[in-house]
Amino acid sequence: MTPATTTDADDGIDPVTLEVLRNQLESVAEEMGQTLIRGAYSPNIKERRDCSTALFDAEGRMIAQAEHIPVHLGAMPAAVDAVRERDPKPGDVFVLNDPFTGGTHLPDVTMVSPIAPGRSEDGSSDDEEIVGYAVSRAHHADVGGMTPGSMPAGAEEIYQEGLRLPPTRLVEGGEPRDDVRSLVLANVRNARERRADLRAQRAANERAEERLATLFAEHGRETVLSGFDAVIDYSRERITEEIAALPDGTYEATDVLEGDGVTDEDIEVSVTVTVDGETIDVDFAGTAPQVAGNLNAPIAVATSAVYFVVRCITDPEIPPNHGCYDPVSVSAPEGSLLNPNPPAAVVGGNVETSQRVTDVVFTALAQAAPDRVPAQGQGTMNNLTIGGRDSSFTYYETIGGGFGARADRDGMDGVQVGMTNTLNTPIESLETEYPLRVERYALRDGSGGPGRFRGGLGLERSVTVETDATVSLLTERRRHAPTGVAGGGDGATGENLIDGEPVPAKTTVDVPAGTTVTVRTPGGGGHGEPAERGDDGADD
């Protein structure tokens with residue numbers, strides 16, 4: 001990792017101290033994440049690690065983040081801004097999931113805690129000044145709504161997707177609000193699991209306050225607070241140098257989503273990316289209006305996707321904080337797919353539309369940095385949700401697929417691509433926790449696009465449901481294949497089957513015990529002419 005060698009003279013922090021502080025602040029965010037993962041009950045968090053943690057300063061600027069879920073992290077600042085508008089006090093803990101007030105989609109529950117390191121365990125404090133915010137976001141396996149798992153394919157308004165929480169005090173002045181907790185738990189399935197996962201999030205936030213207090217004691221309060229500014233300035237300097245090295249220009253691209261769960265009509269996502277000196281402006285004018293189904297994505301989700309792409313085509317070792325994102329601006333017309341008005345349904349926007357935004361911005365920037373952009377990956381999270389009709393369980397999984405081939409190597413097989421990097425649920429854990437049986441879990445031979453370097457392979461996962469259940473699928477790249485580049489071939493499209501019969505890319509259906517659900521995920525596109533493939537590092 002490149003050490004921090006420059007700082008603003010006004011910070012009064014030498015480069016060595018800055019480097020030590022930067023790593024310590026990042027370790028605070030990482031330790032928060034480990035606390036959350038170890039404390040959670042649901043396999044979706046403790047096994048798949050579908051969660052993210054970050055540390056913010058008093059102004060709502062991100063100081064450090066754990067490298068967890070891209071679609072979570074770029075949207076977290078909106079959650080902190082929404083909480084700051086509620087006059088937070090030391091000892092408060094806010095919970096929210098409203099996509100129109102700081103959230104992404106309803107299953108992603110965010111917890112925001114003001115940090116005042118002098119506050120004692122009973123909530124009292126000799127120092128009541130808020131110096132920052134601890135933030136955790138976790139995908140809860142159910143938050144109510146019309147179907148188990150809260151991922152209904154046919155939702156047409158947000159009210160069908162689950163309990164909607166604007167920033168609300170779960171803890172006030174150090175005292176838990178049992179009325180709020182009871183309200184939340186009364187509106188979700190498997191309340192015991194939800195209670196435990198919320199408790200794990202709170203523990204993660206408390207760990208941040210403890211660790212920050214330790215840093216204050218070690219370095220001194222003013223040094224640490226000056227360090228907040230210094231690490232942001234350092235990242236900003238590094239990212240602007242990277243952007244300045246890209247050729248100035250305006251780059252455009254268009255791609256489509258395959259229906260919104262209400263109709264099967266293609267939905268256009270268009271982007272214009274302008275690189276001008278040390279800044280990048282990303283404009284989604286020309287993107288389709290908001291749709292009837294649930295592929296609408298709040299602007300914070302689109303922004304997360306853009307930030308992810310910018311980090312991929314620059315130096316990924318630059319510390320991820322507010323400074324990284326300062327030179328990047330993102331806009332989308334109000335009332336469009338990427339900036340919808342309530343009460344638009346949005347649950348698929350976070351998981352599927354974000355993937356297409358990633359694809360289209362990569363395609364545009366490939367014109368500026370062709371050697372840094374791979375062929376298209378699977379372009380979907382392959383969301384599979386299975387829930388008991390008696391509300392006894394909710395299983396949620398995003399299934400990996402093919403990574404696009406790079407300019408110098410094959411794409412990776414069976415991995416998460418783009419806006420998620422969750423793990424799979426181990427078969428042993430899945431079959432222990434749920435009335436499900438895994439029949440097949442394997443790579444799809446030949447699904448990667450051919451090329452000098454081939455695309456990564458997709459996966460096939462078949463699961464038999466051993467009780468009456470509701471199955472929801474939110475998937476993409478079932479019609480339009482991930483494309484290859486520089487003469488490389490396209491990856492294979494995906495396919496969804498129930499008892500061997502094809503079903504739509506987006507569907508919710510009740511099934512009897514004994515039903516087998518199969519998800520075949522897309523492969524990645526190839527890179528370069530297939531005839532050029534040889535013994536130069538590519539797999540046989």
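Biologist: What makes the crossing of helix α1 and helix α6 right-handed?

Modeller: A crossing counts as right-handed if the near helix is turned clockwise from the far one by less than a right angle, and left-handed if anticlockwise. In this predicted model, the crossing of α1 and α6 fits the right-handed case. Helix α1 covers residues 15-39 and helix α6 covers residues 191-219. The names come from DSSP runs numbered from the N terminus: H or I of at least four residues for helices, E of at least two for strands.

Biologist: Why are α1 and α6 called roughly antiparallel?

Modeller: Their axes lie 8 Å apart and meet at an angle of about 155°. Such axes are lines fitted to C-alpha atoms, for helices over the stretch in contact, and the angle between N-to-C directions can run from 0 to 180 degrees. Under 35 degrees is roughly parallel, 65 to 115 roughly perpendicular, over 145 roughly antiparallel, and the rest oblique. The pair is therefore roughly antiparallel.

Biologist: Which kinds of residue make up the contact of α1 with α6?

Modeller: There are 13 nonpolar, seven polar and five charged residues in that contact. Nonpolar here covers Ala, Val, Leu, Ile, Met, Phe, Trp, Tyr, Cys and Pro; charged covers Asp, Glu, Lys and Arg; polar covers the others, Gly among them.

Biologist: How do you know that the length of α6 is close to what is expected?

Modeller: The expected span is 1.5 Å times one less than the number of residues. For the 29 residues of α6 that gives 42 Å, and the stretch from its first C-alpha to its last is close to this, at 42 Å. Just after α6 comes G220, with a positive phi of about 100°.

Biologist: What about α10, how do you know that its span agrees?

Modeller: With 19 residues, α10 should span 27 Å, and its end C-alpha atoms are 27 Å apart, so the two agree.

Biologist: Where is the kink in α10 centred?

Modeller: On T353, where the kink is about 35°. The bend at a residue is the angle between axes fitted to the seven residues ending there and the seven starting there.

Biologist: Why is α10 called mostly covered?

Modeller: Of its 19 residues, 18 are buried. Buried means under 20% relative accessible area, exposed means over 50%, and partly exposed lies in between, using a 1.4 Å probe and protein chains only.

Biologist: By those cut-offs, is R477 buried or exposed?

Modeller: The relative accessible area of R477 is 2%, so R477 is buried. You will find R477 in the loop between β16 (469-474) and β17 (495-498). Its phi is near 55°, a positive value in a residue other than glycine.

Biologist: And what makes D499 count as partly exposed?

Modeller: At 48% relative accessibility, D499 falls in the middle class, so partly exposed is the right label. D499 sits in the loop between β17 and β18 (501-502). Its phi is positive too, about 50°, although D499 is not a glycine.

Biologist: Is G12 buried or exposed?

Modeller: G12 has 67% relative accessibility, so G12 counts as exposed. G12 belongs to the segment before α1. Its C-alpha is 7.8 Å from that of S226, although 214 residues separate the two along the chain.

Biologist: What can you tell me about the loop between β11 (328-331) and α10 (347-365)?

Modeller: P343 lies there, and the peptide bond from P342 to P343 is cis, with omega near 10°. P340 is in that loop as well; at 6% relative accessible area, P340 is buried. The C-alpha atoms of P340 and V291, 49 residues apart along the chain, are 8.6 Å from each other.

Biologist: Before I go, how should I read the residue numbers and the values?

Modeller: Residues are numbered from 1 along each chain as its sequence is written. Local features need pLDDT of at least 70 and side-chain atom pairs count only at pLDDT 80 or more, while totals for chains, interfaces and linings use all residues, and side-chain values use heavy atoms, leaving out hydrogens and water.
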